[in-house]
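Q: I would like a close look at a single part of this model. Please keep the answer connected and brisk.

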Amino acid sequence: MSLALDITVFDSAKIVIKGTYKLFSYDIQMDALSNATSSFTIDKNTNIMTGDYVAVRPNNSTHLMYYGQIITVDVDDSSNLMTLSANYIWNLLNGDIIVGSKSGDSYESHILKLTNNYINSNAGTNLLNKGLTNSTNTAFQVTSSDGISTSNFIDYLIRGFKLHNTVFEVTGIGQVK
């Protein structure tokens with residue numbers, strides 16, 4: 001038997017709740033390396049759109065187990081159901097950054113600074129804005145044989161997390177007032 005889950009949908013522009021719905025079926029994928037898409041089937045709702053954010057939790061629980069952003073909405077008028085495809089929230093950082101050689105006492109602080117700069121330069125990432133902190137400090141050194149170049153931010157993070165054995169966790173979402 002599968003776990004009974006609810007999905008809450010948030011408006012992407014205002015980060016306000018559009019509604020909470022019972023999931024009829026789901027396929028949750030949270031592997032940051034493959035960046036696989038998750039799918040969720042709910043009753044048809046014309047208020048839900050591509051770009052909206054989702055949070056999934058077990059029915060009657062406050063423990064959130066998945067955050068994501070809707071990338072497709074498929075409606076089946078014959079069954080009155082819709083399937084939402086979503087990328088894990090990590091995918092909001094899927095873009096290019098400028099990379100050069102750098103070292104310091106806290107890889108976590110370095111990543112937070114890069115993430116905040118990325119968020120501030122990309123309007124579509126407002127969900128992550130101002131809610132990031134670090135609890136550890138790991139000495140680091142990043143070298144670039146090409147001098148200054150560009151890199152995909154997710155690839156940069158994965159490489160750094162592997163090299164410096166650090167972990168990032170999304171613990172909540174909210175609206176900045």
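In the hairpin of strand 6 and strand 7, which residue takes a positive phi?

A: This is a predicted model. The residue is N80, with a positive phi near 60°. The hairpin has four residues between its strands.

Now the strands themselves. Strand 6 covers residues 66–76, and strand 7 covers residues 81–88. They run antiparallel, joined by eight bridges. One pairing can be named: V73 has L84 in strand 7 as its bridge partner.

Strand 6 also pairs with strand 5, residues 53–58. That pairing is antiparallel too, with four bridges. Here V54 stands opposite G68 of strand 6. Strand 6 thus has pairings with strand 5 and with strand 7.

Next, the contacts that reach this part. I48 touches both V73 and L84, the bridge partners. Its contacts beyond four places in sequence also include I70 and M82. V9, K18, Y21 and I42 complete that list.

I48 belongs to the largest nonpolar core, a set of 39 residues. I48 is among the residues with the most contacts inside this core, together with I7, I42, F153 and Y156. Helix 2, residues 153–164, gives the most to the core, with six residues. In general, nonpolar side chains tend to be buried together in soluble globular proteins.

Finally, the setting. The chain has two helices and 11 strands. From the N terminus, the order is β-β-β-β-β-β-β-β-β-α-β-β-α. Of its 177 residues, 40% are buried. Among contacts between residues at least 6 apart in sequence, 62% join residues at least 24 apart.

Key: Residues numbered from 1 in each chain as written. Predicted model: local features only at pLDDT ≥ 70, side-chain atom pairs only at ≥ 80, totals over all residues. Heavy atoms only, no water. Pairing = 2+ DSSP bridges. Core = buried A, V, L, I, M, F, W, Y, C linked by side-chain atoms within 4.5 Å. Buried < 20%, exposed > 50% of the residue type's maximum accessible area, 1.4 Å probe, protein only. Contact = heavy atoms within 4.5 Å.
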